[in-house]
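Please open the model in your viewer and keep the selection panel at hand. We will go from the whole chain to one helix.

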Amino acid sequence: MTEVPNDPFHFDAADPEYRRALELMREVLGPADSFRIERLLDTEPGKETIGWFFKQTWGNLYAREDKVPLRDRALVLIGTDLALGRAGPLRDHIKVALHAGVTPVELVELMFQAAFYVGIPALGMGLTVAKDVFQAAERKKREADRMAEQDNSIDLGSINHVAMVVRDWRVAAQGYANLMGLRRWKMVEIGPALMTECQYYGQDEPCTWISAFAKSGDTLIELCQPVEGKSIFADFLRDHGEGMQHVGNLSHPRPRQLVESWTAQGVKIGNYCNIADVVKLYYLDTREQTGGMFLEVVDPASFAAIPAFGEDFDF
């Protein structure tokens, strides 16, 4: 998108307000629904326009707690959804209301009142959607209680990221373009200029590598080319040559708890990188526990935003 000076509609995926909006959405909606929306935010053409609206609603508008509490905003939106017959948005807005402290009993009463003004069919639709949301929330709570009683583990969720270590990312990207049709790549060099902190197995060690990203369906493919310094990528290339090196769920709603849970069970952090105090990368060495794989955790979750960074290359 061509940037216009002082353009009030300018969108930047690195904007802190956009990041705050993503964090709130992931916390409220959960991984599955968040992933659905994040896919939309990463869709061309028009993702800048959609991203701008998303930032204004989930970010700026919902943050105006001093004007109107989030609870009241959610109730207004639910009434609007009932009047317009919009089941999809109603599902999300019920989740926002529950997150803001509205009880299921209050929500049913609200729908009952709305039916007097917008029609009885709206009540049927609303109760059907609400029942699904309430049941899902109850299942999630029971599962969380069960996991808390069982042990300190935490579910990774769906894998949406696969990364390969390569000697030359351009050569590898050309191969993916020829064999899999992945012709558009984003490349960024990650090094000391971008990092606030960089550690290698707990020791401060600067390093640099190149990451190139492409989307294959719902999976983010990454090519990691080590450049200099100590890193798990340089280790892998030295010991094994090129190949698949790590996977991850870059949409996980609780990345910090995920890292804490795994390290408490003896998993070591191979590389840790703090990128400009905006995003933290954890490369967890689970080879002893899983038989050969590293796992990446990104805090905050950044699956939809990562492909927006870097320089475009077409092969």
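The tour below starts with the overall chain and then turns to a single helix and its surroundings.

**Whole chain.** This is a predicted model. Select the protein chain and colour it by secondary structure: ten helices and eleven strands appear. Align the view to the principal axes; the C-alpha atoms fill a box of roughly 70 × 55 × 40 Å. Of the 315 residues, 45% are buried.

**Contacts.** Take the contacts with a separation of 6 or more. Residues 24 or more positions apart account for 64% of them.

**Surface and charge.** Switch on the accessible surface. It comes to about 16400 Å², and carbon and sulfur atoms hold 55% of that. Next, pick out the charges: 33 are positive and 46 negative. Their mean positions lie 4 Å apart.

**Helix α9.** Select residues 255–264, which form α9. Which residues of α9 are buried? They are P255, L258, V259, S261 and W262. Look down the axis: these residues span an arc of only 165°, so they sit on the same side of α9. In general, residues three or four places apart in an α-helix point the same way, because each turn takes 3.6 residues. Now rotate to the other side of α9, where R256, E260 and A264 are exposed.

**What α9 packs against.** Add residues 268–275, 279–285 and 294–299 to the selection; these are β8, β9 and β10. The buried residues of α9 pack against these three strands.

**Last stop.** Select G266, just after α9. Check its backbone: phi is positive, at about 95°.

How values were computed. Residues are numbered from 1 along each chain as its sequence is written. This is a predicted model: local features need pLDDT of at least 70, side-chain atom pairs count only at pLDDT 80 or more; totals for chains, interfaces and linings use all residues. Side-chain values use heavy atoms; hydrogens and water are left out. Helices (H or I, at least four residues) and strands (E, at least two) are DSSP runs, numbered from the N terminus. Buried means under 20% relative accessible area, exposed over 50%, partly exposed in between (1.4 Å probe, protein chains only). Contact means heavy atoms within 4.5 Å. Accessible areas come from the Shrake-Rupley method with a 1.4 Å probe; for residues, only the protein chains shown count as cover. Lys and Arg count as positive and Asp and Glu as negative; His and the chain ends are not counted. The place of a charge is taken as NZ of Lys, CZ of Arg, CG of Asp or CD of Glu. The arc is that of the directions from the helix axis to the C-beta atoms.
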